[in-house]
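Could you take me through this structure in the viewer, one selection at a time? I would like to know what to click on and what I will find there.

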Amino acid sequence: WHPDGSKKLAVAYSSLEFQRSSKDMSYESYIWDLENPNRPDLVLRPSSTLVSLEYNPKDSHILVGGCYNGQIAYWDTRKGGQPVELSTVEFSHRDPVYGMIWLQSKTGTDCFSASTDGQVLWWDIRKLTEPTETLVMDISRKGVLENALGAIALEFEPTMPTKFMVGTEQGVVITCNRKAKTPAEKIVGTYSGHHGPIYALARNPFFPKNFLTVGDWTARIWSEDSKESSIMWTKYHMAYLTDGCWSTIRPVVFFTTKMDGTLDVWDFLFKQNNPSLSVKVCDEPLFSLRLQDNGRFIGCGSKLGTVTLLEVSSGLCTLQRNEKNVATAMFERETKREKILEARHREMRLKERTKAEDELGVGGGRTQHITCCEETTWKCSSALLGPCDEGLADSKSGGLG
């Protein structure tokens, strides 16, 4: 969304189906004016199709985009649809750039990018020849690119300028601290809970310690204080989830899109087992959504390249009386419950480990001896037993096999 008044919407278009894109596929991405849905306000013409696209919050004429071939490009809308500058291929990502975020800086020219090549790169658009900084998403903290987890979702909260989070192909969220001294220290921790890629990752605008992830068949809400499990989650859907975001007005309302073309609106204060509202937007899969800053309009992008604009009802974008206090109590209660369960699980695992170690300590040698004797018995018995017993020995050894 355009940062000033949100009257315009920038839409990145690309086919992410590897080697299935048609030869005549459009390389263009569009900027739309909401008052004219018939033709784009500006056509962006990158060298490779755009996977991500972001307006500069300080200068709304500037946009930065991440390309399918791994390059970073930036546009000045006053200069037309051709990119002003492209990053050099040798120093760019090796995979599509799924995440692109502007950073708060004095110059307003700093941004960072994430890709499935396992790297997060920092850039200054005044000099895109090479990144200013690189971080490899290797959770073993050895900085080996071959072991890195592929990044799909990127999250940065301006009120926490040193922190950022990365959602990966492997279903793991990695929390990072940019200002740490060494690359190993920059990777702070991980949260695991999804069975597949994390397509959306967003901090709650009212409670930044809580964040939303969308992946596989569920959306999950996490607390920074609870590492082992999410504190709340949706049911498992029949269709795969593709994107999600929080409401900018109400603290426990969030939106998700699905492969069956449905947009779901969740209000966890109202009910948690089903969405409060489901809208069938189109017949093809929905792949992306973005909520306008005022919380009134939501744009959904489909597989066929169609953007659908929906208006959110006043009930879902009007802050209810005492809602923030109730939301605070709910998040705190669920975090506390999860911590109690984590402590209980740790206690049970410790008991099981102690029990296993005790059994090994007492009977380890004897068990080994019995196994050895049994093997010897099977090998020797056929020589000692008669014809009838020999058959029995064969059938036993056959059963073992």
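Here is a short tour of some strands and sheets in this model, which is predicted.

**Stop one: a sheet early in the numbering**

Start by selecting strands E4, E5, E6 and E7. They form an open sheet in the order E4-E5-E6-E7, and the pairing is antiparallel. Colour E4 (50–55) and E7 (85–86) to mark the edges, where each strand pairs on one side only. Now move inside the sheet: E5 (residues 62–67) and E6 (residues 72–76) are joined in the antiparallel sense by 5 bridges. To see one such contact, pick glycine 65, whose bridge partner in E6 is alanine 73.

**Stop two: another sheet of 4 strands**

Next, select E16 through E19. This open sheet has 4 strands in the order E16-E17-E18-E19, again with antiparallel pairing. Why is one side of E16 (198–203) and of E19 (232–233) left without a neighbour in the sheet? Both stand at the edges and have a single partner strand each, so nothing in the sheet flanks their other side. Follow E19 to E18 (residues 218–223): 2 bridges connect this antiparallel pair. Isoleucine 221 is a good residue to click, as its bridge partner in E19 is methionine 232.

**Stop three: a hairpin**

Finally, select residues 286–291, strand E24, together with residues 297–302, strand E25; the two pair in the antiparallel sense over 5 bridges. Leucine 289 stands opposite cysteine 300 in E25. Then zoom in on the 5 residues between the strands of this hairpin, where glycine 295 takes a positive phi near 75°.

Technical notes
Residues numbered from 1 in each chain as written. Predicted model: local features only at pLDDT ≥ 70, side-chain atom pairs only at ≥ 80, totals over all residues. Heavy atoms only, no water. Pairing = 2+ DSSP bridges.
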